[in-house]
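This report covers one protein chain, starting from a single loop residue and moving out to the sheet and the whole fold.

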Amino acid sequence: QVQLVESGGGLVQAGGSLRLSCAASGIDFSANIMTWYRQAPGKQRELVASIMWGGSTNYADSVKGRFTISRDNTRNTVYLQMNSLKPEDTAVYYCNARLRVGVIGSWGQGTQVTVSS
């Protein structure tokens, strides 16, 4: 059974930092593209950052220079280090695993990040 479990969300003041984790089971972790998405109330879900099989990364323009995605294939875990947080980063953050771009893949339940001004 595939499971993706996010953790690390919470309440932080603007300018602060959080590190999100997504622990995966039931998949060949190293064969999956891992991606963080987020969704704020009234907005569509948007891609935040992704990391490919070999470690190359992509980021949304809004988080470049502030967020860093990484993966630990020995722990089947992907991380999102979030620095210099802004109120507009407030959202539910979701973890996704897929074998290639263009497929739906598997999703976690999400973790809430709230940034106060």
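Asn32 counts as buried because its relative accessibility is 6%, where buried means under 20% relative accessible area, exposed over 50% and partly exposed in between (1.4 Å probe, protein chains only). Asn32 sits in the loop between strand S3 (18–25) and strand S4 (33–39); strands are DSSP runs of E with at least two residues, helices are runs of H or I with at least four, and both are numbered from the N terminus. A polar atom of the Asn32 side chain lies 2.9 Å from the backbone oxygen of Asp28. Apart from neighbours within four places in sequence, Asn32 is in contact with Ile27, Trp53, Arg71, Ala97, Arg98 and Leu99, contact being heavy atoms within 4.5 Å.

The model is predicted: local features need pLDDT of at least 70, side-chain atom pairs count only at pLDDT 80 or more, and totals for chains, interfaces and linings use all residues. Residues are numbered from 1 along each chain as its sequence is written, and side-chain values use heavy atoms, with hydrogens and water left out.

Arg71, one of the contacts of Asn32, belongs to strand S7 (residues 67–72), whose side chains alternate. Phe67, Ile69 and Arg71 point to one face and are buried, while Thr68, Ser70 and Asp72 point to the other and are not. S7 pairs with strand S8 (residues 77–82) in the antiparallel sense over six bridges; strands pair if DSSP finds at least two bridges between them. Two of the facing positions are listed here.

| Residue in S7 | Opposite residue in S8 |
|---|---|
| Ile69 | Leu80 |
| Arg71 | Val78 |

Four residues lie between the strands of this hairpin, and Asn76 takes a positive phi near 55 degrees.

S7 and S8 are part of an open, antiparallel sheet of four strands in the order S1-S3-S8-S7. Strand S1 (3–7) and S7 stand at the edges with a single partner strand each, so one side of each has no neighbour in the sheet.

The chain as a whole has zero helices and 11 strands. Its radius of gyration, taken over C-alpha atoms, is 13 Å, close to the 13 Å from the globule rule (2.2 Å times the number of residues to the power 0.38) for 117 residues, so the chain is as compact as a globular protein of that length. The C-alpha trace spans about 40 × 25 × 25 Å along its principal axes. Of the 117 residues, 40% count as buried. Among contacts between residues at least 6 apart in sequence, 55% join residues at least 24 apart.

Notes
A polar contact is a pair of N or O atoms within 3.5 Å; within protein, one must be able to donate a hydrogen and the other to accept it, and residues adjacent in sequence count only if both atoms are side-chain atoms.
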